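Me: I should like to learn how to read a few features of a protein model. Please take them in turn, with the general idea before the case.

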Amino acid sequence: MRKLVICLIALFVLVGCRNVVYEKLTEHEANEIVVTLLRKGISAEKMISEEGYFVTVPTDQFERSLDILRVVGLPNRSNSDLLDIFGDSSLISSPVAEKAKYVHGVSNEISNSLRKIEGVVDASVHISMGTTKKIGKPAVDSKASVFIVHARNADVRYLEPDIKSMVSNAIEFLNYQNVSVFFSPKSFDDNYLPDELQFDSSAIGGFLPRRTVAYLLSLLIVVLFVGGYFYLSNRARRSNPMFHTIK
């Protein structure tokens, strides 16, 4: 009986095991991952640590989770930017470093605002700061390019004039006509995933994968079998005359 209890506990632990799919995430990145995996029937959970947010999934859904995130391009991790390259390097003059930090900060703020538009999946703003007129050198106007990634079923192109106005008003010496906006539909969405990565319709409530369901059914069968065995054994003992004589 003790061995049976140990086996049942081990089975419960196996069902409840979880793996970390990504860590050191921002809250926005973690939310995107959780929502995407939940839509595919995977019980993803967002947690926080000292190093940022991380997302966990059931162990038996770990590989499928990574495949889904790879296909949809999550998390959106940008490459090293000018701010990372400059850092505190003494080789870069202070005015140049300060200008790079300013441009980086403004770009991030505008990009974050654009991401809040309904239908926009991701956005990035690239700014080329102009220069004032100097002796022997003409003035150069500031310019900006905006790249918008939107959901396939969301038509956000009609917002181009508003986007150009917002960007031009947020950047010093930037004229409306010097803002370019480029739109691109998201490469993959729920309707473009391979069949094997689509929603697991066989999952209970959409949150228990096939293997977990199999474990639980096996556990139920074992419990019923063992319970029935002990019930019948106890009943047979009680119906045996020797049992009453000994008692």
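Me: Is Lys24 buried or exposed?

Reply: This is a predicted model. A residue counts as exposed when its relative accessible area is over 50%. Lys24 has a value of 54%, so it is exposed. Lys24 belongs to strand 1, residues 18–25, and its phi is near 55°, a positive value in a residue other than glycine.

Me: Which phi does Phe173 have, and where does Phe173 lie?

Reply: Phe173 is not a glycine, yet its phi is positive, at about 60°. Phe173 sits in the loop between helix 6 and strand 6. With a relative accessible area of 60%, Phe173 is exposed.

Me: How should the sheet with strand 6 be read, and which strands stand at its edges?

Reply: Two strands pair if at least two bridges are found between them. Here three strands form an open sheet in the order 4-5-6, with mixed pairing. Strand 4 (120–128) and strand 6 (179–185) each have a single partner strand, so one side of each lacks a neighbour in the sheet. Neighbouring strands are turned by 15° against each other on average, direction ignored. Strand 5 (residues 143–150) pairs with strand 6 in the parallel sense over seven bridges; Ser145 has Ser180 of strand 6 as its bridge partner.

Me: Which helix lies across strand 5 and strand 6?

Reply: Helix 6 (residues 160–170) does, running at about 130° to strand 6.

Me: Which residues form a nonpolar patch on the surface?

Reply: Leu217, Leu220 and Leu224 form it, with about 300 Å² of accessible area together. Leu220, found in helix 7 (residues 210–239), is partly exposed at a relative accessible area of 46%.

How values were computed
Residues are numbered from 1 along each chain as its sequence is written. This is a predicted model: local features need pLDDT of at least 70, side-chain atom pairs count only at pLDDT 80 or more; totals for chains, interfaces and linings use all residues. Side-chain values use heavy atoms; hydrogens and water are left out. Helices (H or I, at least four residues) and strands (E, at least two) are DSSP runs, numbered from the N terminus. Axes are lines fitted to C-alpha atoms, for helices over the stretch in contact, and angles run from 0 to 180 degrees between N-to-C directions. Contact means heavy atoms within 4.5 Å. Patches are made of residues with over 30% relative accessible area and no salt bridge: like charges are joined within 9 Å, nonpolar side chains (Val, Leu, Ile, Met, Phe, Trp, Tyr) within 5 Å. Accessible areas come from the Shrake-Rupley method with a 1.4 Å probe; for residues, only the protein chains shown count as cover. A salt bridge is a side-chain nitrogen of Lys or Arg within 4 Å of a carboxyl oxygen of Asp or Glu. Buried means under 20% relative accessible area, exposed over 50%, partly exposed in between (1.4 Å probe, protein chains only).
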